[in-house]
Amino acid sequence: MKICSIVLTAALLSAQSFASSLPSQPHLYVQGNAHMQVQPDRAVIRVAITEKSKSLSDAKKRVDDVMANAISIAKNHKIKLDNIHAEQLNVYRQTRYNRTTNQDEFDGFRVSRSLTLKLEQIESYPVLLQKLVDAGINEFNNTQFEVSNKSALMKSLKKVAIKDAKLAAKELASDFDVKLDGLYSVSFSPMEIPRAPYVRAESMKVMSSDSGSVENAYNTGALTLRAQVYAVYTINN
C-alpha cells in the first residue's frame, strides 16, 4: 500500500487551504522539541503603598514619604534609575452605607502609588523585600523572575529543537521503510493544517545553566525554557 501521508487530513477541509504548507507528494510532518532549566538572575518586583484617611492631605503625604523612602532603598541596592518606575498618585473617595439613615456616608480617601523595580542582583532580593516592608510598603502585587540572557539561550534551544526534528523525521521514515527526499518547509510555530505533527518520545534536553539563585526562604527554583520547530519532509517510497 502506497503511503501518501503519515497523518490524516480532515475530509471536509479543502486541500487548497493548506497548499503553501504541505506538498502534494508523500511527506512527513514532524515536531522537534528542546528544553532546559535555568536559575533566574533578575527579578521584576511590583509593590505599592496604600493609605486611607479622611484627610486627603495626610494620606497623600504618608504615601509620598513612603514612596520616596522606597526609591532611596532601591538606589542603595544599585538599581538603576531606568529600572525604577514610580507610578502617579491614585485617589479614591470611599463611602459606606448607613443602615440607620439609608444613605451613603463619606468614609475617607484611599490613596495609593505603585512601584516597579527591576533587580539585577537577585541575591539581594530577600533583604530588599524586608527593607521595603520596613519602609512602609504594604502591598506586594507580584514578582516576576527572569533570565537576562534568555534570547541567547533560546537561540541555542532552537538549534537543538531543529536537531530533534531531524531525528524525528529519520526515526519516522525508518519505521515506515521510506526514504527522506528533502525539507519542504519549516516553522517555529505550528502550521495551520488540520493534523498533528509526529513527536519523538522524549524532547532533547540541554545542560542546565546556573546563572544565579535566591537563598533561604525566597528560593525561586529553576525556570524551564522550551523551543519547538515544525518541519515537513518529502519522502520517496
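Helices (H or I, at least four residues) and strands (E, at least two) are DSSP runs, numbered from the N terminus. The model is predicted, so local features need pLDDT of at least 70 and side-chain atom pairs count only at pLDDT 80 or more, while totals for chains, interfaces and linings use all residues. Residues are numbered from 1 along each chain as its sequence is written, and side-chain values use heavy atoms, with hydrogens and water left out.

**Exercise 1.** Find where Asn102 lies and state whether Asn102 is buried or exposed.

Solution. Step one: Asn102 belongs to the loop between strand 4 (90–98) and strand 5. Step two: its phi is near 60 degrees, a positive value in a residue other than glycine. Most residues other than glycine have a negative phi. Step three: buried means under 20% relative accessible area, exposed over 50%, and partly exposed in between (1.4 Å probe, protein chains only). Asn102 has a relative accessible area of 52% and is therefore exposed.

**Exercise 2.** Repeat the analysis for Asp177.

Solution. Step one: the loop between helix 3 (150–175) and strand 7 (179–187) holds Asp177. Step two: phi of Asp177 is near 55 degrees, again a positive value in a residue other than glycine. Step three: the relative accessibility of Asp177 is 69%, so Asp177 counts as exposed.

**Exercise 3.** Identify the strands that pair with strand 2 (residues 42–53), then describe the surroundings of Thr50.

Solution. Step one: two strands pair if DSSP finds at least two bridges between them. Strand 2 runs antiparallel to strand 6 (residues 139–146), with 7 bridges, and antiparallel to strand 5 (residues 103–119), with 11 bridges. Step two: Ile45 stands opposite Thr143 in strand 6, and Thr50 faces Ser112 in strand 5. Step three: 9 of the 12 residues of strand 2 are buried. Thr50 is in this strand and, at 14% relative accessibility, counts as buried. Step four: with contact meaning heavy atoms within 4.5 Å, and not counting residues up to four places away in sequence, Thr50 touches Arg110, Val111, Ser112, Asn138 and Glu139. Step five: the side chains of Thr50 and Glu139 make a polar contact (2.6 Å). A polar contact is a pair of N or O atoms within 3.5 Å; within protein, one must be able to donate a hydrogen and the other to accept it, and residues adjacent in sequence count only if both atoms are side-chain atoms.
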